[in-house]
Amino acid sequence: MTRLVWSDEYSVGDAEIDRQHQEIFSLIDRLDDQDMDASAMSVTFEKLDIYVREHFADEEEKMKAGAYPDLDSHMRQHDEFRDWLQSAKESFRTSDGALGAIGQNIHDFLKSWLLAHILYADQAYKGYIQKV
Ligand SMILES: [Fe+2]
């Protein structure tokens, strides 16, 4: 299995944001190693709640302070993820025995969304938050 390894080229030039992104990398990396059973899902949702609450807020604050011109569309992406997280938690709560398929879907979505977001969307504000 290919490990997800952090590289300096993923840096957005802000130590705190980079540290939060590294944590998400290791969360995704760990997900690859485990079955998405009920306890893995609960832990994952707890971590994602914190990620959304703290990390998105930090990013949004820094983008605002840096007058990032694409702030609105970036915040829309964050909102879409917040909505997705709510509905994923709901399907988890109401899942009855079909956890395997739901777990796999959640894992696949998380991995593709978060990686694409961190590696592309977040790279776009790089020069702006560095000015802060
Ligand atoms: Fe972001």
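**Helix packing in a predicted model**

Colleague: How does α1 pass α4 in this predicted model?
Modeller: α1 passes α4 in a crossing with a defined hand. That hand is left-handed.

Colleague: Are α1 and α4 roughly parallel or roughly antiparallel to each other?
Modeller: Helix α1 covers residues 15-33 and helix α4 residues 99-121. Their axes are 11 Å apart and the packing angle is about 155°. Angles over 145 degrees count as roughly antiparallel. The pair is therefore roughly antiparallel.

Colleague: Which residues in α4 do H21, I24, I28 and L31 in α1 meet?
Modeller: By class, the contact of α1 with α4 has six nonpolar, two polar and one charged residues. On the α1 side stand H21, I24, I28 and L31. The α4 residues they meet are H107, L110, K111, L114 and I118.

Colleague: At what angle do the axes of α2 and α3 cross?
Modeller: Helix α2 spans residues 38-65, and helix α3 spans residues 71-94. Their crossing is left-handed. α2 and α3 are roughly antiparallel to each other, and their axes come within 11 Å. The angle is roughly 165°.

Colleague: How many residues of the contact of α2 with α3 are charged?
Modeller: From α2, the contact includes M41, F45, E60 and K64. From α3, it includes H74, R82, K89 and F92. The residues divide into 11 nonpolar and two polar, and the charged ones number four.

Colleague: Is R82 buried, partly exposed or exposed?
Modeller: R82 is found in helix α3. Its C-alpha atom and that of R53 are separated by 9.3 Å, with the two 29 residues apart along the chain. R82 has 14 other C-beta atoms within 10 Å. A residue needs 20 or more to be buried and 12 or fewer to be exposed, so R82 is partly exposed.

Colleague: Which residue other than glycine has a positive phi near 50°?
Modeller: Look in the loop between α2 and α3. The residue there counts as exposed, with 10 C-beta neighbours inside 10 Å. Its phi is positive although it is not glycine. The residue is A67.

Colleague: Which residues make up the largest nonpolar core?
Modeller: The core has seven residues. M63, one of them, also belongs to the α2 side of the contact with α3. The full set is V12, I17, M63, Y68, Y125, Y128 and I129.

Colleague: Leaving aside neighbours within four places in sequence, which residues is I17 in contact with?
Modeller: I17 belongs to the largest nonpolar core, as does V12. Sequence neighbours within four places are set aside here. The contacts are V12, D58 and E59.

Conventions: Residues numbered from 1 in each chain as written. Predicted model: local features only at pLDDT ≥ 70, side-chain atom pairs only at ≥ 80, totals over all residues. Axes fitted to C-alpha atoms, helices over the stretch in contact; angles between N-to-C directions. Helix = DSSP H or I, 4+ residues; strand = E, 2+ residues; numbered from the N terminus. Parallel < 35°, antiparallel > 145°, perpendicular 65-115°, else oblique. Left-handed = near helix turned anticlockwise from the far one by under 90°. Contact = placed C-beta atoms within 7 Å. Nonpolar A, V, L, I, M, F, W, Y, C, P; charged D, E, K, R; others polar. Core = buried A, V, L, I, M, F, W, Y, C linked by C-beta atoms within 7 Å.
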